[in-house]
Amino acid sequence: MLRTLFVWLSESRALRAVAERSSIGQRTSSRFVAGTTIEAVMAATRSMNDLGLTVSIDNLGENVTNPDEARQSAALYHQLLDEITARRLKANVSLKLTHMGLDIDEKLAHENVCALVAHAVRCYNFIRVDMEGSPYTQRTLDFVRELHRVPGHEDSVGAVIQSYMRRSRRDVEDLLAERIRIRLCKGAYKEPHELAFQKKSEVDANYLELMKVLLKSGVYHGIATHDEKIIVATEAFARAEKIPADAFEFQMLYGIRRDLQQKLVRDGWRMRVYIPFGTEWYPYLMRRLGERPANVFFIARNLLRR
Ligand SMILES: Cc1cc2nc3c(=O)[nH]c(=O)nc-3n(C[C@H](O)[C@H](O)[C@H](O)COP(=O)(O)OP(=O)(O)OC[C@H]3O[C@@H](n4cnc5c(N)ncnc54)[C@H](O)[C@@H]3O)c2cc1C
């Protein structure tokens, strides 16, 4: 129920407007969001790299409603790619298609993202297209497939699959047929029973099944979860199947299970941290609180301490 409440809150435009402007809101978000500026996210990236972790940087924002906003969002990602290269950081970027204008004009979003992938190719980098709610699933996968087919783009763009979606097994097979890199996660949105598994046990079982398909595919994928049981099962599967530690990576979110992130690196696995930054942090934070309502108390305690 709490998860449903937070997903509903994440969609409230009125609350979002108030929260993102308030100083208490900005303090609240700092545990999960690395500040609002490029400088702040570059510093956070550097500190992760120093610990042996790679990074994926996400400029927070989704569902933009006019073409100028979409172009500005794309321009910021171009700047991120240049900054990562200039500072020799070990980082790629993650973006959402609705941040690039998908809701306004599919052609505009395509132009924006295609130019970003071409930029990533030039600087040997990589663009991960995040997966949003189910109204976007098919369009996002088609989009990534189209970008990936452009000659030269093969190693510079990848997709995300959510294990809560009933269709994901088929989607994984389709993406693997074209050797597209996948980030596997559980899924963060509220989806109906017809489309998505509702029980954690079913979502986890599907995750484990898909993880095995991915690891055996010979393509470089990301296993994105904080679920220790799944992580242990992934390690065991990789060892049993003699899949080298550099053939895939674990991924986690900034500020979540930092202990486990560092343990995986110490144990010789690859670990990438997804670092969001920017002023539009409200929907992202609400989804994180919904995943673990105990975070509300954690954040409240930290606010009181300051
Ligand atoms: C790198 C990365 C990228 C992602 N990209 C997408 C995407 O493109 N689309 C999408 O829909 N979702 C995305 N997600 C979110 C994902 O779908 C889940 O909502 C989120 O990761 C929580 O699921 P879990 O696998 O950690 O397992 P859960 O079963 O939710 O949690 C397992 C354990 O992890 C810890 N944990 C989980 N969440 C939190 C939290 N918020 N705070 C503190 N502890 C927590 C707890 O110990 C919990 O018991 C991404 C996640 C990661 C790590």
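## The overall fold

Let's start with the chain itself: the protein is built from 13 helices and eight strands. Keep in mind that this is a predicted model.

Laid out along its principal axes, the box filled by the C-alpha atoms comes to roughly 50 × 45 × 40 Å. The radius of gyration is 18 Å, which agrees with the value near 19 Å for a compact globule of 306 residues.

## Where the ligand sits

Now for the ligand. The space it takes up is the largest pocket, and 24 residues surround it.

Which parts of the fold supply at least two residues each to that shell? Three strands and a helix do: strand 4 (157-162), strand 5 (181-185), strand 7 (248-253) and helix 12 (282-291). Strand 7 gives the most, with three residues.

As for chemistry, the shell is a mix of ten nonpolar, eight charged and six polar residues.

## Close-up on the contacts

Of the residues around the ligand, the ones that come nearest are Lys186, Gly187, Thr225, Glu291 and Asn295. Two of these also turn up as polar partners of ligand oxygen atoms. For Lys186, an N or O atom of the side chain is 2.7 Å from a ligand oxygen. With Gly187 the backbone does the job: one of its polar backbone atoms is 2.6 Å from an oxygen of the ligand.

Arg288 also takes part through its backbone, where a polar atom is 3.1 Å from a ligand nitrogen. Taken on its own, the ligand has 930 Å² of accessible area, and the protein covers 86% of that.

Notes. Residues numbered from 1 in each chain as written. Predicted model: local features only at pLDDT ≥ 70, side-chain atom pairs only at ≥ 80, totals over all residues. Heavy atoms only, no water. Near = heavy atom within 4 Å. Polar contact = N/O pair within 3.5 Å; in protein donor to acceptor, adjacent residues only side chain to side chain. Areas by Shrake-Rupley, 256 points an atom, 1.4 Å probe, with all protein chains shown as cover. 1 Å grid on protein atoms, 1.4 Å probe; cavity = no way out; pocket = protein on both sides within 12 Å on 5 of 7 lines; lining within 4 Å. Sits in = over half its atoms within 2 Å of the grid points. Helix = DSSP H or I, 4+ residues; strand = E, 2+ residues; numbered from the N terminus. Nonpolar A, V, L, I, M, F, W, Y, C, P; charged D, E, K, R; others polar. Rg over C-alpha atoms; globule rule 2.2 N^0.38 Å.
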